[in-house]
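Below are my notes on the model you sent. They are set out as numbered points, to be read beside the structure.

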Amino acid sequence: MSEFDPKYPLAYCANVHAGTSFAEMFANLCHWVPRVQDYRSQRGPMGIGLWFSNQSVIEAQRPENLKRLRDWFELNSLVPYTSNAFPQGDFHLPIVKYDVYQPDWSTAARTAYTLAVIRLMDELAPRDCEISVSTLPLGWPTPAVDDSFFQKCAENLLAVCRELQSLEQTIGRLAYLCLEPEPGCILDSSADVVGFFERWLLPKNNQSDSVRRYIRVCHDVCHSAVMFESQYAAIERFRSTGIEIGKVQISAAVEANFVDRGTADRQTIMSALHQFQEPRYLHQTNVQRRTGDATLFDDLSQAFAEVPDPINTRWRVHFHVPIYLSEIGPLRTTNDEIGQFLRGVSGPNIPRHFEVETYAWSVLPPSHAPNDLAAGIAAELDWVSELRRTM
């Protein structure tokens, strides 16, 4: 398999850097990105996946700020072709948890924010690049949602679809919004995404080809792995229904395998897993039994409380860990699924936009945290590039 499309060099997601204002965001980019580039073994242009909070996306639209960003990207050989518009608020508060799913897609606020990100990316991206913007999979299902919720989400998404179609028709820029399934969310698997398209998006628009062109999927490898969903099966489900993967987030989850382990081994593994319990982010945990059936818990702490003895189970935890690690002490990661996904999407329809998204560096257990964040991010980018070259 060849390296990444030179027009869309491999990116990393800047949501790893804190900052809700434009000044904070820009300062973090200036501090971290050149250091990541210095550590990389591969020279030349680098992709950058931008993240703008609701505040910073407004401030970034000021002419002087737009110019600062454009000039800085050009000076540093950066290609800003994708943006993560999933977290709309402060993604680095001491406690984020369920707040990351607000506002949901039934609201005007989510629509307005997303359109603002799309318009900003159109100002920043090279003129010959397609743009992808990833977004949350409608929302979190608490309180329970009904048909009126799905209808409102569909209406708002189709309004964005029309804006994207107008953008392409008027200036020739192809941009697409990518729904990102996540464990526990309203859409948490490829089957959920396909079902939503077929019931709510496609029947409500006379131009189904347009919907498929401008609304796509952001496939997060970690999320799919946590759901114990085959990477190949997910790819084939999207292909068979004509839904495109517009963006890929390359990431890995934590796995604890208690199958056929004695009491002492189980205690050692469980002790290591407890190190990944932290207060900032939600770490959805899927506990699979030997029979193959699984129970998904909202957070790792909930799984600990409800499964005190994990005998003959396998746990996968939504905790984005450095993708170059296959083991973390007695725990494993799901980084082998990255290779499975890349093999599965080989061919003429391979997505163009690939972004490494390990946002949880700051909450890793101290024994596994890197001495230098920039070095860790660079090591991830190099690992993916080498994997892609050797496949």
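1. In which helix is A272 found? A272 belongs to helix α10, residues 263-274. The model is a predicted one, and all the points here should be read with that in mind. A272 has a relative accessible area of 8%; a residue under 20% is taken as buried, so A272 is buried. Its C-alpha is 7.4 Å from that of G329, although the two residues are 57 apart in sequence. Leaving aside neighbours within four places in sequence, A272 is in contact with P330 and L331.

2. Helix α3 covers residues 63-75, 13 residues in total. From first C-alpha to last it reaches 18 Å, close to the 18 Å expected at 1.5 Å a residue. Just after α3, S77 takes a positive phi of about 55 degrees.

3. Which residues of α3 are buried? They are N65, L66, L69, W72 and F73. These residues cover an arc of only 140 degrees around the axis, so they lie on the same side of α3. In general, an α-helix has 3.6 residues a turn, so residues three or four places apart point the same way. The exposed residues P63, E74 and L75 are carried on the face of α3 turned away from its buried side. The cover over the buried residues of α3 includes α1 (22-39), β2 (46-50), α2 (54-60), β3 and α4.

4. Two of the buried residues of α3, W72 and F73, also belong to an aromatic cluster. Ring pairs link W72 and F73 with F22 and F26.

5. The count of aromatic pairs comes to 18. Why is the pair of Y101 and W140 called stacked? The ring centres are 5.0 Å apart and the planes stand at 25 degrees; planes under 30 degrees apart count as stacked, so the pair of Y101 and W140 is stacked. This pair links distant parts of the chain, 39 residues apart. Y101 is in the loop between β3 (78-84) and α4 (108-124), and W140 is in the loop between β4 (131-135) and α5 (147-171). Both partners are buried: Y101 has a relative accessible area of 1%, and W140 one of 9%.

6. F149 and F150 make an edge-to-face pair, because their ring centres are 5.8 Å apart and their planes are at 80 degrees, where over 60 counts as edge-to-face. F149 and F150 are both buried.

7. Two arginines deserve a look. R216 has its charged end over the ring of Y176, 3.8 Å from the ring centre. R388 lies over the face of F4, at 4.4 Å from the ring centre.

8. The largest nonpolar core holds 124 residues. Which of its members touch the most others? They are Y12, F52, L138, F196, L273 and W315. Helix α5 gives the most to this core, with 10 residues.

9. L138 can be followed further. Not counting residues up to four places away in sequence, L138 touches D104, W105, F149, F150, C153, L157, I186, L187 and F196. The contacts of L138 thus include both rings of the edge-to-face pair, F149 and F150.

10. A second core of 5 residues is separate from the largest one. Among its members are Y8, A11, Y81 and C129.

Definitions and conventions. Residues numbered from 1 in each chain as written. Predicted model: local features only at pLDDT ≥ 70, side-chain atom pairs only at ≥ 80, totals over all residues. Heavy atoms only, no water. Phe/Tyr/Trp six-rings, centres within 6.5 Å; stacked < 30°, edge-to-face > 60°. Helix = DSSP H or I, 4+ residues; strand = E, 2+ residues; numbered from the N terminus. Buried < 20%, exposed > 50% of the residue type's maximum accessible area, 1.4 Å probe, protein only. Lys NZ or Arg CZ within 6 Å of the ring centre and 35° of its normal. Core = buried A, V, L, I, M, F, W, Y, C linked by side-chain atoms within 4.5 Å. Contact = heavy atoms within 4.5 Å. Expected span 1.5 Å × (residues − 1). Arc of directions from axis to C-beta.
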